[in-house]
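The following note collects comments on the model shown below. The points are numbered for ease of reply.

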Amino acid sequence: MIEARGLARTFTGRRGTVEAVRGVDLSVALGEIVGFLGPNGAGKSTTLRMLTTLLAPTAGSATVAGRDLRTDPGGVRRRIGYVAQGGGTDPSVPAGEELELQARLYGVADPAARIRELARRLELDGEGLLARPSAAMSGGQRRRLDVALGLVHRPPLVFLDEPTTGLDPQSRGHLWEHIRRLRDRDGTTVFLTTHYLDEADALCDRVLIIDRGRIVAEGSPAELKRRVAGDVVTVELAGSGAPLEQVALRARTALAGHSAVREATVLEGALRLTVDDGDRSLMSLIRALDEAGVELAALRMARPTLDDVFLTVTGRSLRDSASAAA
Amino acid sequence: MRSKVGVVFGLTQPLLYLVLFGPLLSRVGGVQGAGGGNTWRAFVPGILVQLALFGAGFVGFGLIADLRSGVVERLRVTPVSRLALLLGRVLCDTLMLVVQAVLLLAAGVLLGLRAPLWGIVAGLVFVALLALSIASLSYVLAMMTRVEDAFAPLLSTVTLPLMLLSGIILPMSMAPGWLDAVSRFTPFRYVVDAARAAFRGDFSSSAMLEGAAVTVVLVVASVALGTHRFRKENT
């Protein structure tokens with residue numbers, strides 16, 4: 001459904017040029033739900049805006065839904081649906097009128113029937129709901145309206161830009177259900193961006209991790225997690241008197257020769273270890289630290305998450321990079 | 001078109017000029033003779049152009065709201081032609097302005113405007129085409145500035161000199177040489193003069209021809225610029 005080669009975009013502003021996306025190659029197959037995961041400012045939205053014809057790439061080429069992005073943007077537009085990050089409804093216009101306009105813009109054959117069908121599927125058929133302007137809707141309802149607008153013309157490929165950002169947990173889970181059903185029932189291919197690991201994990205068949213404008217890893221959530229071999233042990237250090245960084249470095253030295261430790265990273269007063277067979281090696285780790293005179297505040301062990309994958313691939317935590325960019 | 005209140009409020013300012021300023025002009029107007037005996041014939045076209053300048057000039061604010069809510073982006077992903085994206089808005093604005101202009105003309109007639117019907121219709125066509133150009137340009141400026149805080153001061157900086165130099169209130173024929181020369185560089189002057197000629201029923205005058213030529217160029221240029229901007233629009 002999508003074949004992109006070397007897609008890049010540079011923004012030239014007053015403060016010099018910014019390479020938002022630096023050569024992205026990606027392929028998305030029919031009927032897949034693919035998640036584009038990365039921190040804010042990694043280039044997710046820019047890539048999405050290029051693939052949806054909103055932004056001309058400065059380099060590279062792509063075929064989207066069987067049409068060439070550069071030579072046939074109109075053809076791409078007819079075959080894709082796009083739901084922007086902040087939605088795209090006029091807060092004062094009744095939802096039903098927005099859907100009607102959208103249906104007419106795409107030349108949908110029987111707009112009234114299509115709107116009824118969409119409203120039923122996306123649970124927008126509540127009493128008088130479509131007569132309400134989006135300003136008078138709940139966050140979840142507004143988001144479902146945005147999705148409905150993107151689906152009016154039954155596109156085989158839908159782009160969702162951070163579909164669940166700002167939704168409460170219940171509405172999120174709800175929207176995930178709808179997105180899964182899109183694929184299962186209609187065979188729609190879904191390409192979405194997210195900076196939530198649990199979302200990528202729960203929803204996506206395949207995840208592309210993007211960082212600083214480049215794709216740094218790709219695979220199914222399970223595959224990616226397997227790449228982070230072993231379990232993650234986080235050792236929180238208690239620095240009685242001594243600065244934590246020193247304690248952390250001492251701890252790392254103490255564990256350097258340990259056979260189960262594959263990798264050790266110092267993270268603000270804590271030591272993050274990637275460990276083979278964590279259940280068994282935990283005791284000997286503690287002993288080694290104890291012998292080196294390192295005081296522990298807490299000890300945690302976890303199976304790897306996509307956050308760990310991100311950390312392994314980029315050397316930074318997804319949460320940290322997200323807050324740094326914000 | 002959603003707000004009928006907007007149509008009425010947009011009319012207040014030109015209507016106030018008409019009622020509270022127009023009568024003054026008819027006292028001094030005889031001296032200048034610009035209206036060919038009926039000063040309303042000179043004054044009303046000016047007020048109509050002012051209506052177009054300010055009424056259509058402000059439409060960009062609506063686009064900024066739509067840019068922010070994501071409506072513009074949603075429309076740009078649809079296969080609709082970029083020209084249609086612009087014209088849909090611009091024609092709606094123009095229609096609204098023509099309705100206002102007709103109401104204003106009716107008020108003018110009540111106050112004493114007498115002009116040949118064809119002249120009035122021709123004048124309206126000029127005003128409609130002018131509004132169409134100004135609305136397109138307003139959208140271009142709105143897309144360039146993107147925020148109200150920057151758009152509003154830019155708009156007033158552009159519209160006020162254009163209004164004064166076009167001789168909307170008093171004909172530029174009264175101006176001293178240098179002012180007259182400067183005003184020749186602003187397109188609206190020719191449109192005002194042409195509308196005045198039309199109201200006098202003076203269809204073969206050079207003012208009429210110049211005005212028509214300037215208007216056509218203005219429409220083509222502003223719509224081309226607007227469409228280009230809708231195509232390129234990004235960030």
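1. In this predicted model, the centres of domain 1 and domain 2 of chain A, taken over C-alpha atoms, are separated by 42 Å. Domain 1 of chain A spans residues 2-225, and domain 2 of chain A spans residues 229-303.

2. Turning to the interface, the contact between the chains draws 27 residues from chain A and 17 residues from chain B. The size of an interface is often given as the accessible area lost when the parts come together. For chain A and chain B, the buried area is about 1,800 Å², of which 53% lies on carbon and sulfur atoms.

3. Which polar interactions link the two chains? Between chain B and chain A, 2 salt bridges are counted. One of them joins the side chains of A:Arg49 and B:Glu73, with an N to O distance of 2.3 Å; that N to O pair falls within the 4 Å cut-off applied to salt bridges. In addition, 7 residue pairs are in polar contact across the interface of chain B and chain A, both residues of each pair being at pLDDT 80 or more.

4. On the side of chain B that touches chain A, helix 3 (60-69) and helix 4 (71-77) of chain B each supply at least two residues. Helix 4 of chain B provides the largest share of that side, namely 6 residues.

5. How is the side of chain B that touches chain A composed by class? This side has 7 charged, 5 polar and 5 nonpolar residues.

Methods
Residues numbered from 1 in each chain as written. Chains lettered and ligands numbered in written order. Predicted model: local features only at pLDDT ≥ 70, side-chain atom pairs only at ≥ 80, totals over all residues. Heavy atoms only, no water. Contact = heavy atoms within 4.5 Å. Buried area = accessible area lost by both parts, 1.4 Å probe. Polar contact = N/O pair within 3.5 Å; in protein donor to acceptor, adjacent residues only side chain to side chain. Helix = DSSP H or I, 4+ residues; strand = E, 2+ residues; numbered from the N terminus. Nonpolar A, V, L, I, M, F, W, Y, C, P; charged D, E, K, R; others polar. Domains from an automatic or database assignment.
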